[in-house]
Amino acid sequence: GRDRAVLVTELTDRDLEAEEPEAIRIASGLGIVAGIRSGDADVQPDQADAIVTAIAKELALDPGTTLSARLGALLHDVGYLAVPDTTLARARRGDPAAVEALRAHGPIGATLVARVPALAAAAPIVHHHEERYDGTGAPDGLRAETIPLPARIVATAIAYLEHLRDVDDHAHALERVRAEAGRRLDPGFVDALVRALAHRSELLA
C-alpha cells in the first residue's frame with residue numbers, strides 16, 4: 001500500500017497491481033449498497049466488473065483505462081446513495097417527476113466519486129454511463145465517440161446484464177444487445193462483448 005492518496009492517472013503500470021485491490025474493494029462495497037438502494041440489485045457489481053474486464057482485454061486497453069472502466073462499472077449507480085427516500089419511493093410508484101429526477105443520479109454520483117482520489121478517474125464514466133451511442137441518452141446527449149470510451153464499455157456491460165436479468169438466457173440477452181448496436185451501444189464494443197463471451201466460458205456461469 002501507499003502512504004498517500006493518488007489518482008489512477010498518476011499510477012504507472014507497475015503501481016496498478018498494488019493499488020487496484022484497495023480501489024476495487026472500496027468501489028465494490030459502494031456499488032453493492034447503491035445497487036440495493038436503486039432497486040437494481042440483480043445487476044451485481046462484480047458481474048459488471050468481470051464483463052468490463054473481459055471487454056477491455058479484447059480491446060487490449062492499457063491498465064489505467066481498464067482500471068478506470070472497472071471502477072466505473074462498480075460505481076455507475078453510486079449517485080442513488082444521495083437520492084432522497086421520498087424520491088425513490090415516488091419513482092417506484094411511477095411518478096413522472098420523480099422518475100425524471102432519478103436521471104440526475106449519474107452527475108450526482110460523479111460529484112461524489114470525484115471527491116475520493118483513488119476513485120476519481122471513474123467520475124466521467126459515472127456521469128455518462130446512461131448516454132446512448134445515437135445521442136438520445138442522458139444527461140448530456142453525447143453521441144458516438146464523444147462519449148468517454150470507458151463509459152461506452154460500461155454501458156455495453158450493463159446492457160448485457162440487464163437483458164440477462166430480464167430473459168435469463170445468455171444467447172437471448174446477447175441477441176438483444178446486438179440489436180442495440182449503433183443505437184444505445186457502440187457497435188465495436190458490442191463486437192468485443194461477443195468475442196469476450198465466446199472466449200471466456202466462466203462469464204456464462
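**View 1. The largest pocket holds about 560 Å³ of space.** Among the 25 residues lining this pocket, Asp77, Tyr80, His105, Glu130 and Glu162 come closest to its centre. Helices α4 (85-92), α5 (96-102) and α8 (149-167) are the elements that each give two or more residues to the lining, and α8 gives the most, with four. Sorted by class, the lining has nine nonpolar, six polar and 10 charged residues. Here nonpolar means Ala, Val, Leu, Ile, Met, Phe, Trp, Tyr, Cys and Pro, charged means Asp, Glu, Lys and Arg, and polar takes the others, Gly among them. A pocket, worked out on a 1 Å grid over the protein atoms alone, is an open set of points where a 1.4 Å probe fits, with protein on both sides within 12 Å along at least five of seven lines; lining residues have an atom within 4 Å of a point. Points are joined across faces, edges and corners, and the volume is the space filled by probe spheres set on them.

This is a predicted model, so to speak of local features takes a pLDDT of at least 70, side-chain atom pairs count only at pLDDT 80 or more, and totals for chains, interfaces and linings use all residues. Residues are numbered from 1 along each chain as its sequence is written, and side-chain values use heavy atoms, with hydrogens and water left out.

**View 2. The whole protein has 10 helices and zero strands.** Helices (H or I, at least four residues) and strands (E, at least two) are DSSP runs, numbered from the N terminus. Buried residues (under 20% relative accessible area; exposed is over 50%, partly exposed in between, with a 1.4 Å probe and protein chains only) make up 48% of the 205 in the protein. The mean pLDDT (the predictor's confidence in each residue, from 0 to 100) is 89, and 87% of the residues reach 70 or more. Among the elements, helix α1 (residues 13-38) has the lowest mean, 79, while helix α7 (residues 123-128) has the highest, 97.

**View 3. Threonine 87 sits in helix α4.** At 12% relative accessible area, Threonine 87 is buried. Setting aside residues up to four places away in sequence, Threonine 87 touches Ala98, Ala101 and Leu102, where a contact is heavy atoms within 4.5 Å. Alanine 97, in helix α5, is partly exposed at 48%. C-alpha to C-alpha, alanine 97 and threonine 87 are 8.9 Å apart, with their positions 10 residues apart in sequence numbering.

**View 4. Glycine 31 in helix α1 meets Pro45 and Leu74.** Those two are its contacts once neighbours within four places in sequence are left aside. Glycine 31 counts as buried, at 6% relative accessibility. Its C-alpha is 5.9 Å from that of proline 45, which is 14 residues away along the chain.

**View 5. Some backbone oddities turn up in the loops.** Most residues other than glycine have a negative phi, and most peptide bonds are trans. Alanine 138 and proline 139 are joined by a cis peptide bond, with omega about 10 degrees; proline 139 is in the loop between α7 and α8. Alanine 60 has a positive phi of about 55 degrees, lies in the loop between α2 (45-58) and α3 (63-75), and is exposed at 67%. Aspartate 168 also has a positive phi, near 55 degrees; this residue is in the loop between α8 and α9 (170-179) and is exposed at 68%.
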